Amino acid sequence: MTDTAETRARRLLRRATAGVPEDDYPVTHIADLPARHARATDWPGWVPDAVLAAVTATGVDRPWEHQVEAASTAWSGHNVVVATGTSSGKSLAYQLPVLSRLATDGRATALYLSPTKALAGDQLRSVSDMDVQGVRPARYDGDTPQSERGWVRDHARWVFTNPDMLHRGILPAHPRWARFFRGLSYVVVDECHGYRGVFGSHVALLLRRLRRIARRYGADPVFVLASATTAEPAEFAGRLLGADCVAVTDDASPHGARTVALWEPPLLGELAGENDAPVRRSAGAEAARILAELVIEGARTLAFVRSRRGAELTALGAQRILAEVAPELADKVAAYRAGYLPEERRALESALLDGELLGVATTNALELGVDISGLDAVVIAGYPGTLASFWQQSGRAGRAGDDALVVFVARDDPLDTYLAHHPKALLERPVEAAVLDPTNPYVLAPHLACAAAESALTVKELDDFGGHAARSVLDGLVADSLLRRRPSGWYWTSRDRPHSDVDIRGSGVEQVAVVEADTSRLLGTVDGAAACGTVHPGAVYLHRGESYVVDELDLERGIAFVHAEDPEWSTSARDVVDIEILDTVEKRTYGGVTVNLGYVAVTSRVVGYLRRLPSGEVLDHVPLDLPEQVLHTRAVWYTIAEPLLCGADEGPGTRTGVKPARVPGALHAAEHAAIGLLPLFATCDRWDIGGVSTAVHADTGEATVFVHDGHPGGAGFADRGYAAFVPWLTATREAVISCECPAGCPSCVQSPKCGNGNEPLDKAGAVAVLDLVLAAVGEAAAAHDHSDAHAAEDSTGTT
Ligand SMILES: Nc1ncnc2c1ncn2[C@@H]1O[C@H](COP(=O)(O)OP(=O)(O)OP(=O)(O)O)[C@@H](O)[C@H]1O
């Protein structure tokens, strides 16, 4: 291809791979995604002139079709979710109906909710700039001075806030917000795809509380939800709201063409990881190199890195490379992460937009709602956990009329390996459905307590909170004397409100404070359940890019003491885990294999931690002695009967099985890989789930592999694993066989958080186990189809 015929994206990719030896060529796949052309339409007739003038003054001449479809649905009184790509103008889709209502009905009010204060600030600014008469938009969050709060309550007509403030500040004080609730016409839920897992379950219940209070004031607001592209948006939004919701998904905004390259860093011969397994060049180090090359080409590039520390290291790495080969460009690269002050954030964003900065390495802090688009390149170092995030991040690249490059760099992880070798799974699969479970009793109980404290709960209202599930949770609250049952409903008994004890972003457990010992400064908090794993003695803890080392973890007082120190290694905790089956909710039997879903108790103890260099090299394992923790949650598990597992099965198609001595390693490896792949089917992170495997489990009496939710009561992840069992284990098997390492490495069967130091692990055995299980399920399904066919023949014969 000559230079003139080559697209800019291809040229950038060539630059990024220049000088790489042929044997190490990292690109496993290249896809060219075509440009999408805009489909604009006329402004709807119901938009008042004042609003039309304000909107067109922002530079929007004509709306796109999906904007009008969503806006008109909301205007006609139906809840709507607009689930379209990055920068597809979702804001206008809700601004049109809300501004139109506020402009035409002087009593009407609206609420805007976003997961972050920063995003709410951006949206408020954009509405304020439009300056539609009488709208009086205002912010009400933790940063709103006390002196302004009264004005907002009494006069603001469009309030911009977040779920935390709605939960703690607005709903408990609803009598003071009576004017606002009486007029409540619209509730905007922005970036709603982020409300998944336990946090999503909390927000789902919060929205039910909001609707209930609004009804008490005679209002029945229409909900307008904005989401990244996600599968089944109507179902998801319906679950989040607890009410029907129309989905608008046909994106009519324009987008430049993109070239997506999948990139797998080579295995390094000279470095050894845990148990001497080979390691790959780290995705962060690879991203630093790519970033430096793209900056040299003058491409404005964002590199998304999974952790804050990773973002800092990637920016530093790129700066180091540039300092050697193009020193004048070294200060064109910076790191960006959550926790910056708004001014710092703005400065960085505008520096990137106007080219003063060319390369920025960031965590997903920049993923949410920030109006940065039209970049020349995006590097995604490590799968961001969901396809929705992948597309959200890659959507930052590409302007209408100009093509852009997206590079996905696989980490040492089975899911990343799978994706690097199965481009269709990344590029052609529908985005996964977001999972949440508002009936989780651990989440439901505190919200029912809050709801009762806001205003006594009546029997009629229980359907909104899960009906039967709510009833049994309420019985528990009454038994604990937190609520009192009267004929008219359930009443909160205490003078103190329950709200401040409910952490809607946590897992419902106590928080541990991280305190700098010298200065007594509170740096942050970590979830109590995770404390042993994240702030154990010796752990490297990062706060706003500063590095600290933990000296002491005092679990009784809920404090971790740290001192400032920046060692060259990172730490990862190791725990040992035991699991007990409490209740089997569902079970399927396939010959010698059973697949189960139910409740379990997981007992874990952190026993030490690994110190690892940024290259992936493991320095050592440091033992620790910390107390046990017990988690009650949901799990999916499969069992394999011994004759089938060990090959004694002489039945049709006689199987070879796994030698008994290899069974533990085979099951363990199959479990690790399955944990790695579940995020492909349930929107979770591998850190949200855990697993246990054993050659003979006390409760099943058979070889058993468990994968469980990592949060009390579960968040729906195990349920997804049960529902998608066959595709999940099929992808797991594919991931293991795709990895070219000889005997198991972090890219296939090693786990970064294995309590047993990744021993024993038997990669070939894992494939044999997965083959056995999939064959048993497949045979049973075929036999089932066969008997169905017979039954159908029989029935046709007799009628
Ligand atoms: N009909 C339109 N014609 C031209 N430009 C538009 C139109 N609608 C919106 N825009 C512009 O597109 C940009 C992106 O809009 P917006 O931030 O609402 O997108 P979004 O879908 O919310 O993005 P994100 O995915 O980041 O949440 C804004 O700069 C906005 O002014």
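# Reading a predicted fold, from one hairpin outward

Reader: Strands S24 and S25 form a hairpin; how many residues are between them, and which residue in the turn has a positive phi?

Author: Two residues are between S24 and S25, and glycine 591 in the turn has a positive phi of about 55 degrees. Please keep in mind that this is a predicted model.

Reader: How many bridges pair S24 with S25, and in which sense, parallel or antiparallel?

Author: Strand pairing is read from the bridges between two strands, and two strands count as paired when at least two bridges are found. Here S24, residues 570-590, and S25 pair over 19 bridges in the antiparallel sense. To find one such bridge, go to isoleucine 581, whose partner in S25 is valine 600.

Reader: Which strand do twelve bridges join to S25?

Author: That is S27; S25 covers residues 593-612, and the two run antiparallel. Look for asparagine 596, which stands opposite tryptophan 637 in S27. From S27 you can step on to S29, residues 703-709, through six bridges, and this pair is antiparallel too. Tryptophan 637 is a handy landmark on this path, as it also stands opposite phenylalanine 706 in S29.

Reader: And is S27 mostly covered or mostly open?

Author: A residue is called buried when 20 or more other C-beta atoms lie within 10 Å of its own. In S27, which spans residues 629-640, nine of the twelve residues are buried, so by that cut-off the strand is mostly covered.

Reader: Which helix is largely enclosed by the rest of the structure, and why?

Author: Try H14, residues 387-394: seven of its eight residues are buried, so the helix is largely enclosed. The buried ones are Leu387, Ala388, Ser389, Phe390, Gln392, Gln393 and Ser394. They pack against four strands and a helix, namely S9 (258-263), S12 (301-305), S15 (377-381), S16 (404-409) and H16 (423-427).

Reader: Let me try a single residue. Is threonine 314 buried or exposed?

Author: Count its neighbours: threonine 314 has 34 C-beta neighbours inside 10 Å, so it counts as buried. You will find threonine 314 in helix H12, residues 308-325. Leaving aside residues up to four places away in sequence, it touches Gly284, Ala287, Ala288, Leu291, Ala303, Val305, Ala361 and Ala381. As a distance to check, threonine 314 and leucine 419 are 105 residues apart in sequence and 22 Å apart in space, C-alpha to C-alpha.

Reader: Is aspartate 24 buried or exposed?

Author: Aspartate 24 counts as exposed, because it has 12 C-beta neighbours inside 10 Å. Its place is in the loop between helix H1 (8-17) and strand S1 (27-33). From aspartate 24 to leucine 375 there are 351 residues in sequence and 28 Å in space, again C-alpha to C-alpha.

Reader: We met a positive phi at a glycine. Which residue other than glycine has a positive phi near 45 degrees?

Author: Arginine 136 has that value, and it lies in the loop between H5 and S4. In this loop, between H5 (117-130) and S4 (137-139), you also meet aspartate 131, whose phi is positive at about 55 degrees although it is not a glycine. Aspartate 131 is exposed, with 11 other C-beta atoms within 10 Å, while arginine 136 is partly exposed, with 16.

Reader: Now the ligand. Which residues come nearest to it?

Author: There are 14 residues around the ligand, and Thr86, Ser87, Gly89, Lys90 and Ser91 come nearest. Helix H4, residues 90-104, gives the largest share of this shell, with three residues. By character, the shell divides into eight polar, four nonpolar and two charged residues.

Reader: Stepping back, how many helices and strands does the protein chain have?

Author: The chain has 24 helices and 29 strands. Its radius of gyration is 27 Å, close to the 28 Å that the globule rule gives for 799 residues, so the chain is as compact as a globular protein of that length. Along its principal axes the C-alpha trace spans about 80 × 80 × 75 Å. Of the 799 residues, 52% count as buried. Among contacts between residues at least 6 apart in sequence, 73% join residues at least 24 apart.

Reader: Into which domains is the chain divided?

Author: Domain 1 takes 8-33 + 257-427, domain 2 takes 49-248, domain 3 takes 511-567 and domain 4 takes 574-783. The centres of domain 2 and domain 4, taken over C-alpha atoms, are separated by 42 Å.

Terms used. Residues are numbered from 1 along each chain as its sequence is written. This is a predicted model: local features need pLDDT of at least 70, side-chain atom pairs count only at pLDDT 80 or more; totals for chains, interfaces and linings use all residues. A residue is near a molecule or strand if its C-beta atom, placed from the backbone, lies within 6 Å of it. Ala, Val, Leu, Ile, Met, Phe, Trp, Tyr, Cys and Pro count as nonpolar, Asp, Glu, Lys and Arg as charged, and the others, Gly among them, as polar. The radius of gyration is taken over C-alpha atoms; the globule rule is 2.2 Å times the number of residues to the power 0.38. Two residues are in contact if their C-beta atoms, placed from the backbone, lie within 7 Å. Domain bounds come from an automatic or database domain assignment.
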